Amino acid sequence: MILILVPNTRPESPEYKQLMAHLANFPGISTRVHTEVGAEQSLTEIYLIGNTKVLPIEDVSCLPCVDRVVRVSEEYRILGRHKNDDRPTYFEYNGVRFGQDTLNVFAGLCAVDTIEHVEMMMKSLREHGQVCTRMGAYKPRTSPYSFQGHGKTCLPYVFDIAGKYGIKVIAMEITHESHLEEIRNALYQTGNATGVMLQIGTRNTQNFELLKIVGRQQNFPVLIKRGFGITLDESLNAAEYLASEGNRKVIFGLRGMKTNMGDPHRNFVDFSHVPVVRRLTRMPVCIDPSHSVGTRASSPDGILEIMHVTAQGIIAGANMVLVDFHPAPSNALVDGPQALLIKELPQFLEDIQIAREAYEKRTLLAERYRETLNSDVI
Ligand code: PEP
Ligand code: MN
């Protein structure tokens, strides 16, 4: 059970103390407090853990400072959607809103290779009105002999160039807790020129110790990718690890499943799960068409398959697109074969817009039919 307190409740207030004293008397129930400090107000939620079935909602709702009460099911307690759950489905980071009602594109380099390529990418993003990008510094590679990413050495110039072109959020995978500190230091050194969304890659979806560490910090939002060989439920529980440690700024990423049933694609595209994740949880849902498809193959209609699956995810309600671009894919050190060309960026963005408008029309259509159905019932 979650008690959502009246906004701006202060822990030193007598009412709050009274509430906590009251909760301490519930036998077999412990509490966990989470406070989210926003620009305009702070919101406190108290989680009651234990057998809360015996507590009548009406009684708990009347306790001091309590605004409303949500009874949660066992699954995805914090990030899940529960009955009568009106908790937000969005968050803000560095002036950018991420939610189940928005769409953000993160086009960029799979891996940072040269300073020139970083600059070309970011310049083009700015020319096309983009404020987010992806840039890998720490690359998990199948072979130990493959390029592992430039690591912390590239961070200062990546952040500086981002600041120069007005990029506000960079999605960047980390594979070890030490990377968190390296990113923090480089941001500080560059005067917080930009912001970072930490990425947990598909290989680390169930690296629980890494999840706990990333979840314990609340500065950076987190994009957690679905594990490529585990169930959706297992991946959603992995996301819940982040939230249970305190970080609710979490986006869930679909990136395809590893099976040869998806051939000739690199992975089996799983974007039919976009509406499912939105129904089960309050997380914005990201699609990664590049790692799903893995090639620049084009269908007979002249549309790249990467663009087709992007549209499929967006028309189903996706909220974020993480996609590989490169100025010269044949020279890319990682994942060149799936990179879109910088000159394809405007087409990609316009194609996304078409799919998004179609999605918006579909939601209006559904709303109209719901109203008709409801009036028929009456
Ligand atoms: C990536 O986005 O660069 C990446 C390695 O993705 P994934 O973890 O989905 O393979
Ligand atoms: Mn990649």
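How many Å separate an oxygen atom of ligand 1 from an N or O atom in the side chain of K139? Let's work that out, along with a few other sites. Keep in mind throughout that this is a predicted model.

**Exercise 1. Describe the polar contacts and the shell of ligand 1.**

Solution.

Step 1. Begin with the opening question: an oxygen atom of ligand 1 lies 2.8 Å from an N or O atom in the K139 side chain. That pair falls within the 3.5 Å cut-off, so it counts as a polar contact.

Step 2. Turn to R134. Here an N or O atom of the side chain is 2.7 Å from an oxygen atom of the ligand.

Step 3. Check the backbone as well. A polar backbone atom of T202 sits 2.8 Å from an oxygen atom of ligand 1.

Step 4. Look at how much of the ligand is covered. On its own, ligand 1 would expose 300 Å², and the protein buries 97% of that.

Step 5. Now list the surroundings. The residues around ligand 1 are C110, R134, K139, E173, Q199, G201, T202, R203, K225, R255, D288 and H291.

Step 6. Sort the shell by class: seven residues are charged, four are polar and one is nonpolar.

**Exercise 2. Find the protein donors of the manganese ion (ligand 2) and place them along the chain.**

Solution.

Step 1. Pick out the donor atoms. They are SG of C110, NE2 of H291 and OD of D335, at 2.0 to 2.3 Å from the manganese ion.

Step 2. Write the spacing of these donors along the chain, which reads C-x180-H-x43-D.

Step 3. Locate two of the donors. C110 belongs to the loop between strand 7 (104-108) and helix 3 (115-127), while D335 belongs to the loop between strand 14 (320-326) and strand 15 (340-341), so this pair ties together parts 225 residues apart in sequence.

Step 4. Is C110 buried or exposed? Its relative accessible area is 4%, so C110 is buried.

Step 5. Connect this with the first exercise. C110 and H291 are donors of the manganese ion, and both also appear in the list of residues around ligand 1.

**Exercise 3. Look up the domain annotation and describe the span it covers.**

Solution.

Step 1. Read the record. An unreviewed UniProt entry places "domain: DAHP synthetase I/KDSA" at residues 95-351.

Step 2. Compare with the model. Over residues 95-351, helix makes up 34% and strand 17%, and the end C-alpha atoms are 25 Å apart.

**Exercise 4. Inspect the backbone at P264, Y76 and N192.**

Solution.

Step 1. Start with P264. The peptide bond leading from D263 to P264 is cis, its omega being near 10 degrees. P264 is part of the loop between strand 12 (250-254) and helix 8 (274-280).

Step 2. Go on to Y76. Though not a glycine, Y76 has a positive phi of about 40 degrees. Its place is the loop between strand 4 (66-70) and strand 5 (90-93), and Y76 is buried at 6% relative accessibility.

Step 3. Finish with N192. This residue, again not a glycine, has a positive phi of about 45 degrees. N192 lies in the loop between helix 5 (177-189) and strand 10 (195-200).

Step 4. Which label fits N192, buried or exposed? With a relative accessible area of 53%, N192 is exposed.

**Exercise 5. Trace C-alpha distances from A171, I224, K225 and V285 to residues elsewhere along the chain.**

Solution.

Step 1. Take A171 in strand 9 (residues 169-173). A171 is buried, at 1% relative accessibility. Its C-alpha atom is 5.9 Å from that of L198, 27 residues away along the chain.

Step 2. Move to strand 11 (residues 222-225), which holds I224. I224 is buried at 0% relative accessibility. The C-alpha atoms of I224 and E173 are 9.4 Å apart, with the two residues separated by 51 along the chain.

Step 3. Stay in strand 11 for K225, a residue buried at 5% relative accessibility. From K225 to V285, 60 residues apart along the chain, the C-alpha distance is 9.9 Å. K225 also belongs to the shell of ligand 1.

Step 4. End with V285 in strand 13 (residues 285-287). V285 is buried, with a relative accessible area of 0%. Its C-alpha atom lies 10.0 Å from that of T102, 183 residues apart along the chain.

Terms used: Residues are numbered from 1 along each chain as its sequence is written. Chains are lettered from A and ligands numbered from 1 in the order in which they are written. This is a predicted model: local features need pLDDT of at least 70, side-chain atom pairs count only at pLDDT 80 or more; totals for chains, interfaces and linings use all residues. Side-chain values use heavy atoms; hydrogens and water are left out. A residue is near a molecule or strand if one of its heavy atoms lies within 4 Å of it. A polar contact is a pair of N or O atoms within 3.5 Å; within protein, one must be able to donate a hydrogen and the other to accept it, and residues adjacent in sequence count only if both atoms are side-chain atoms. Accessible areas come from the Shrake-Rupley method with a 1.4 Å probe; for residues, only the protein chains shown count as cover. Ala, Val, Leu, Ile, Met, Phe, Trp, Tyr, Cys and Pro count as nonpolar, Asp, Glu, Lys and Arg as charged, and the others, Gly among them, as polar. Donors are N, O and S atoms within 2.8 Å of the metal (3.2 Å for Na, K and Ca); water is not among the atoms, so sites may look incomplete. Helices (H or I, at least four residues) and strands (E, at least two) are DSSP runs, numbered from the N terminus. Buried means under 20% relative accessible area, exposed over 50%, partly exposed in between (1.4 Å probe, protein chains only). UniProt positions are given in the numbering used here, feature names are shortened, and annotations may be inferred rather than shown by experiment.
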